[in-house]
Amino acid sequence: MAKDTANELRIVGTRPDRPDGLDKVTGRARYGADISAAGLLHGAVVRSPHAHARIVKIDASKALALSGVKAVVTRADFPTGLTGEAWDLQENTMAGERALYDGHAVAAVAATSAQLARDAAKLIEVEYEILPHVTDVDAAMAPDAPIIREGAADHSVPEGLHPNVVRYIEFGHGDLEAGFAQADIVREHQYKTEAAHQGYIEPHACMGQMGADGKGEMWVCTQGHWFIRKMCTQVLGLDASQLRVTPSEIGGGFGGKTTIFMEPLSLALSRKAGGRPVKIVMSRSEVLRATGPTASASMDVKIGMTKDGKITAGSATFRMQGGAFAGAPVDMALYCAFAAYKVPALQHVGYDVLANRPKAAAYRAPGSPMAAFAVESLVDEMCTELGLDPLEVRVKNAAQSHETSSFGPKFGVIGLNETLAATQAHPNLSVPLGPNQGRGIASGFWFNHGGDTSVSMALGEDGTVTVSIGTPDIGGSRASMAMMAAETLQIPYDNVRVNIVETGALGVNEPTHGSRATFATGKATVEAAQSMIVEMCKRAAAKWGIEPEAVEWRDGAAHPAGPNAGEYPPMTIGEIGAAMSNTGGPIAGHHESVPAGVGESFGTHVVDVEVDPETGRTTILRYLVVQDAGRAIHPAYVEGQYQGGAVQGIGWALNEEYVYDDMGRLQNPVFLDYRVPVASDLPMIDTVIVEVPNPGHPYGVRGVGETGIAPPLPAVANAVAAATGVRMRHLPITPSKLLSAIKASKNG
Amino acid sequence: MKYHCPKTFADAAQIAADATGVIRYLAGGTDVLVQMRAGMVTPDDMIDLKHIPGVKEIVQNADGSWTIGVAVAGAELGAHAGFCADYPGIVEGLELVGSTQVQGRATLTGNLCNGSPAADSVPAMIAAGAVAHVVGPNGARDVAVADIPVGPGKTSLTKGELISAFTIPARGAQGGDAYLRFTPRTEMDIAVVGCAVNLTLDGDRVASARVAMGAVAPTVIVMDQAADAIIGTTLDPQALDTMATIVSGAVKPISDKRGTAEFRTDIAGVLAKRAAKIAYDRAKGTK
């Protein structure tokens, strides 16, 4: 078994150069749009300019008359009879009877150049009958709201709710009334967050090729190529194994690249164009209008607290819209809502609601940031009212290892206490604040995930090692896998090369999502290395003529296990590799499983802001992320995840939102007006890596990618409240909204 | 699309006058190329001005005034110590346009002729009293920069007319200017409100002033009454408040995705006060 204490580790915990670094800084790395092939055609997509409209007629004759236009596809080119999620995916790929949101694809064209494809797309005439629309979640539940899709609700929805409510969730424990009765104060408020996009720098891009025989290839920018394979073949009615999908390098995903958007269109166009490969590259405007942002939320939270800060009861009612399809992460949001607290009585109610917006995709800890905003804002409000230290209150009510969580299952070993203690000890908390400045504190949680995982590993003739994994590298995971493989095999980091391989090369892998890659692929990599060690020990045993059990692996070589095993010089991995043709053939290790033992991760953030009282502009002065990583394999990448999560959360808190006009058209589909933070908006984000090892991973890893986006939303709002005395319960806290609230508080 | 590379402004004007389709001039290209990529415009004739002698020159004339060529980029203007000392407000306006990379190309001319009411370099040019030299098929004329924009995306230049250079008046003693804009982000953003103030002093008192506001009306607007409120004062808090009230009362902003009319109105007065203080300090030589 691998060495499992920090001081015995040689590679885990160090900061080697990333294997993909040179390719990325020299521009050699090949991203989605960098692919080309002989006979390449370019695709363009015709999108609905209406939020909700019946498609009366599509006439592509003018486009098809252009020389160089090779194919046009509409929904008529897709198979019928799909149900459930497969139908949702197909409907989102290409509108059927109705366009359901501004940007919904209604036709696609392939031509010999990208310009020609765009020109041809403009010549495809679509006749629409505009229908009433709704984009706001609360408005979509109102009795007079237009019905987006009749019969879309599942069995969970009680009678009498609007047909736009498609899923209903309710759970809890304890005696709520008794809990509130024990409290000294009970407070209840409504909180709202707006849809935010993942904002990855690389727009979606793919090249698909499919012949009349139903065999196809795809090159695509994705977090999970088996998901691409499964979803594309479902939507097109093909056999999964006939499509081979190769992932490109990826310029960011954050959950948004775990599903399909225009990918099946490239295959459908290719099939219709005689099997010529078709490349489709989205523009930023297409990315914002037609790929998945996360849901917008409207949330009621009620909490009871004693004068000394004990939380006695809580309830959360969350309403979320995730576009014109079921799937807003209201369930996850509710599970996360009170996860950081041990509360005797809790009630959770959730509504998943349809609206005329793009289909929501996963975005970093789906649901958790909204939930944290509502609950952590209210906890802060109550701490302020009672004059309590918000960190002390979180310590007092902290969830504990091996105890039942707020959402049902028992926690494993969790590091919330340690995280809060490290926060309390940090020097940022004692920096004095000036006028118009305020400090905000909030915690956050993510479950993390295991998922289908398949890894293989092969020994080279010179003793170097190739690791084949199926989880695209979105956050430095090639380095982490190489480090874990090298640590386990006890060979140098540079002697391991990690490749992300295509769908034909491994068993099914889930995407790089749920903060699972370093945990699950890492665990499988360690297991694969262990199986290769077993084989290498066997080869040495055969050579020495002793039992395999009498051989042990250390320092990158097979050794006799002890004096009783005999006196033999160690056989290095290089010697074993060089001899393997004559000792039984190629040596490889592999592992397939759904790794158990996922470790949850808690984090606490502290932010200092300054608000300009004359303009309402909020400046982030100082920002601290403290989070449990279990164990950081490559600490620089863990810090990067913490900082990245904080930055995305700050953007969501202050400026990012989907702005719709009264026709339901997205008003800000460019980065000029969809305002993600720029570097000069931010201080260096301070980080503290807390390490409470996860017993479910050989090196103690917990996923770290997602927790960090949850606390910033409430932490920033809490800091703004401390700086101004104004409580902002509807994100984003734009200068315009904040100035107006400051003025109102002065007049009131 | 036809690409032209004239060697004189007269030739450029003739090409433009003879063209029958959509014309675009290429100086820095930071608007035109972006618009072409976004599919917003597909020019039939693209007239590149960069090869006309003098377009990259920054010249101080004998009377102390400045002549700026049409292809002088933000990075070049920002590196010119003499001009920066005289008109830091114009320089800071132009330098707010785009990223470092864009600064290597972006020009005053392009920023003006693109016609955006939110153009960052235009208010300070107008506050400074800059004049555009215009060449056309019927000869040359001088036009106040304030009279070039007539609405979003529209200028007063007629077919075949183009700007050949700007002249900015001599700074003189005890003068200063400043430009401030409000944006939700620190960079890579578009002005929700912009404000330039240009003034001269007589001792501690404001002798002359011009206040120009961006993004609060279809064009950049000059506010003489606001300037009058500070002329003759030492820029005391009361004078500043009076000016701010006049500014907020005179702006005619719209509500859009970048800000509400109410917010723009509030911010306009705040920015005017702040810009006036900076211009005053610069005129005093204290900053």
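**Helix α10 of chain B, its surroundings, and two contacts**

Good morning. I begin with helix α10 of chain B, residues 237-250, in what is a predicted model. At 1.5 Å a residue, its 14 residues should span 20 Å, and the C-alpha atoms at its two ends are 20 Å apart, so expectation and model agree.

Which residues of α10(B) are buried? They are Leu240(B), Met243(B), Ala244(B), Ile246(B) and Val247(B). These residues cover an arc of only 165° around the axis, and therefore they lie on the same side of α10(B). Pro237(B) and Gln238(B), on the other side of the helix, are exposed. As for what covers the buried residues of α10(B), the elements include β13 (205-214), α9 (224-230) and α11 (261-284), which belong to chain B.

Helix α11(B) returns in my next topic, the contact between the chains. Chain B contributes 16 residues to this contact and chain A contributes 18. On the side of chain B that touches chain A, α11(B) gives the most, with 4 residues. That side of chain B comprises 7 nonpolar, 4 polar and 5 charged residues.

I turn now to a group of strands in chain B. Strand β4, residues 58-60, and strand β5, residues 66-69, run antiparallel and are joined by 3 bridges. The two strands form a hairpin with 5 residues between them, and in the turn Gly64(B) has a positive phi of about 90°. Within this pairing, Gln60(B) has Trp66(B) of β5(B) as its bridge partner. Strand β5(B) is also joined to strand β10 of chain B, residues 162-168, by 4 bridges, and these two strands run antiparallel. Here Trp66(B) stands opposite Ile168(B) of β10(B). Trp66(B) thus appears in both pairings, with Gln60(B) and with Ile168(B).

Finally, the domains of chain A. Domain 1 consists of 6-29 + 450-593, and domain 2 of 385-446 + 599-747. Taken over C-alpha atoms, the centres of these two domains of chain A are separated by 37 Å. How many residues does each domain of chain A give to the contact between them? Domain 1 gives 17 and domain 2 gives 19. On the side of domain 1 of chain A that touches domain 2, the elements giving two or more residues are α14 (477-489) and α15 (517-544) of chain A. The largest share of that side, 5 residues, comes from α15(A). By class, the residues on this side of domain 1 of chain A divide into 6 nonpolar, 8 polar and 3 charged.

Thank you for your attention.

Conventions:
Residues numbered from 1 in each chain as written. Chains lettered and ligands numbered in written order. Predicted model: local features only at pLDDT ≥ 70, side-chain atom pairs only at ≥ 80, totals over all residues. Expected span 1.5 Å × (residues − 1). Buried ≥ 20, exposed ≤ 12 C-beta atoms within 10 Å, placed from the backbone. Arc of directions from axis to C-beta. Contact = placed C-beta atoms within 7 Å. Nonpolar A, V, L, I, M, F, W, Y, C, P; charged D, E, K, R; others polar. Domains from an automatic or database assignment. Pairing = 2+ DSSP bridges.
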